Amino acid sequence: MSDLSRLRELVAQSCRVLGKLNLTKEPSGHVSARVPSEDRVLIKARGPEESGLRFVTARDIITVDFSGKKVAGDDGLESPQEVFIHTWLYKTRPDLQCVVHVHPLTVVLFTICNKPLLPLFGAYDPSGLRLLMEGLASYPRSITVSNEKLGEEFAAAMGKNPACLMRGHGITSAGASVEEATLTAIKLNELAEVNYRAALLGTPEPISQDDIKVILGSGQRRNVATYNVSNWRYYCKLLGEE
């Protein structure tokens, strides 16, 4: 199998993980990966022949250029309307290798109600706390990012952050690998779930600044690569895949 075929399979696997975890309103949502050394992107397609995220295979992954135009892929599959979320992040952030856009309901509820996500846990999940404290962007418009102008606007709003909450819409996460961007989306949803359930029980109380400093300190930082590998393996096994 070629490197490009492996990357296509990995993008499809990311879609299946996100679908399995119900992190989107099916069949919407898309995952993409930068094609190394080319101004090309592999992306989950939309169209009459598409599969919902839970059932995506490599066939559902098409190739588009940096203008969002389809350059390779099966008939009946087209670029997603919001391909510009992906292309503009790749154009403005050369470090990114993957972009995820999904619609997790709990996060969407927080954006609708203008409720901030609070740092409610520490040792329960240090990586989730770190994601929250080190930067989440927000995009205030509840629209489809369906053209170059809006793609540029969205990329500016997201900036260098690993994830962006999109008002009344969903989230976008990005990273240096498919695994990293996917796990960021999962962690963001877990942050929202904990905040939501805590609010149902009573008045959530953030953990102390002292505890936040300890957990974010270098002594508490886990090996990110090892963490991503082990967590990715878990979610693949959840699918019944290796």
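Two strands pair if DSSP finds at least two bridges between them. Keep that in mind for the first stop. The model on your screen is predicted.

**Stop 1: a hairpin**

Select residues 30-34, which form strand S1. Now add residues 40-44, strand S2. S1 and S2 pair in the antiparallel sense, over 3 bridges. Click Arg34, then look across to S2: the bridge partner there is Val41.

Next, trace the turn of this hairpin. How many residues lie between the strands S1 and S2? There are 5. Stop at Ser37, one residue of this hairpin, which takes a positive phi near 65°.

**Stop 2: the other side of S2**

Keep S2 selected and add residues 61-65, strand S3. S2 and S3 also pair in the antiparallel sense, and here there are 5 bridges. Return to Val41. In S3, Val41 stands opposite Val64. In S1, Val41 has Arg34 as its bridge partner.

Is S2 enclosed or open? Of the 5 residues of S2, 4 are buried, so the strand is largely enclosed by the rest of the structure.

**Stop 3: Asp60**

Select Asp60, in the loop between S2 and S3. Is Asp60 buried or exposed? Asp60 is buried, because its relative accessible area is 2%, and buried means under 20%.

Now show what surrounds Asp60. Leave aside the neighbours within four places in sequence. Asp60 is then in contact with Ile43, Lys44, Ala45, Glu49, Glu50, Ser51, Phe55 and Leu77.

Draw a distance from the C-alpha of Asp60 to the C-alpha of Leu188. The two atoms are separated by 26 Å, and the residues are 128 apart along the chain. You will meet Leu188 again at a later stop.

**Stop 4: salt bridges**

The structure holds 11 salt bridges. Visit three of them.

Begin with Glu50 and Lys44, both among the contacts of Asp60. Their side chains meet in a salt bridge, at 2.8 Å from N to O. Compare the two ends. Lys44 is buried, at 0% relative accessible area. Glu50 is partly exposed, at 21% relative accessibility.

Go on to Arg59 and Asp74. The closest N and O atoms of this salt bridge are 3.2 Å apart. The pair links distant parts of the chain, 15 residues apart. Arg59 sits in the loop between S2 and S3. Asp74 sits in the loop between strand S4 (70-72) and helix H2 (83-92). Arg59 is partly exposed, with a relative accessible area of 36%. Asp74 is partly exposed too, at 38%.

For the third, select residues 178-201, helix H6. Pick Glu190 and Lys187, whose closest N and O atoms are 3.7 Å apart in a salt bridge. Why are these two separated by about one helical turn? Because they are 3 residues apart in H6. Glu190 is partly exposed, at 31%. Lys187 is buried, at 13%.

Before moving on, select Lys44, Arg46 and Glu50 together. Salt bridges that share partners join them into one network.

**Stop 5: the nonpolar cores**

Select Leu18, Val100, Leu117 and Leu188. The largest nonpolar core has 39 residues, and these four touch the most other members. Colour the elements that give two or more residues to this core: helix H1 (3-20), S1, strand S5 (98-102), helix H3 (105-112), helix H4 (126-134), strand S7 (163-166), H6 and helix H8 (224-238). Which element gives the most? H6 does, with 8 residues.

Zoom in on Leu188. Not counting residues up to four places away in sequence, Leu188 touches Val107, Leu117, Leu131, Leu136, Ala163, Leu165 and Ile171.

Apart from the largest core lies another, of 25 residues. Val64, Phe66, Ile85 and Ala174 are among them. You have met Val64 already, opposite Val41.

**Stop 6: the cysteines**

How many disulfides does the structure hold? The number is 0. A disulfide is a covalent bond between the sulfur atoms of two cysteines.

Select Cys15 to see a reason. The closest cysteine sulfur is in Cys98, 8.9 Å away, so it is too far for a bond. Cys15 is also buried, at 0% relative accessibility.

Finish at Cys113. The closest cysteine sulfur to this one belongs to Cys164, at 18 Å, which is again too far for a bond.

Key: Residues numbered from 1 in each chain as written. Predicted model: local features only at pLDDT ≥ 70, side-chain atom pairs only at ≥ 80, totals over all residues. Heavy atoms only, no water. Disulfide = S-S within 2.5 Å. Buried < 20%, exposed > 50% of the residue type's maximum accessible area, 1.4 Å probe, protein only. Contact = heavy atoms within 4.5 Å. Salt bridge = Lys/Arg side-chain N within 4 Å of Asp/Glu carboxyl O. Core = buried A, V, L, I, M, F, W, Y, C linked by side-chain atoms within 4.5 Å.
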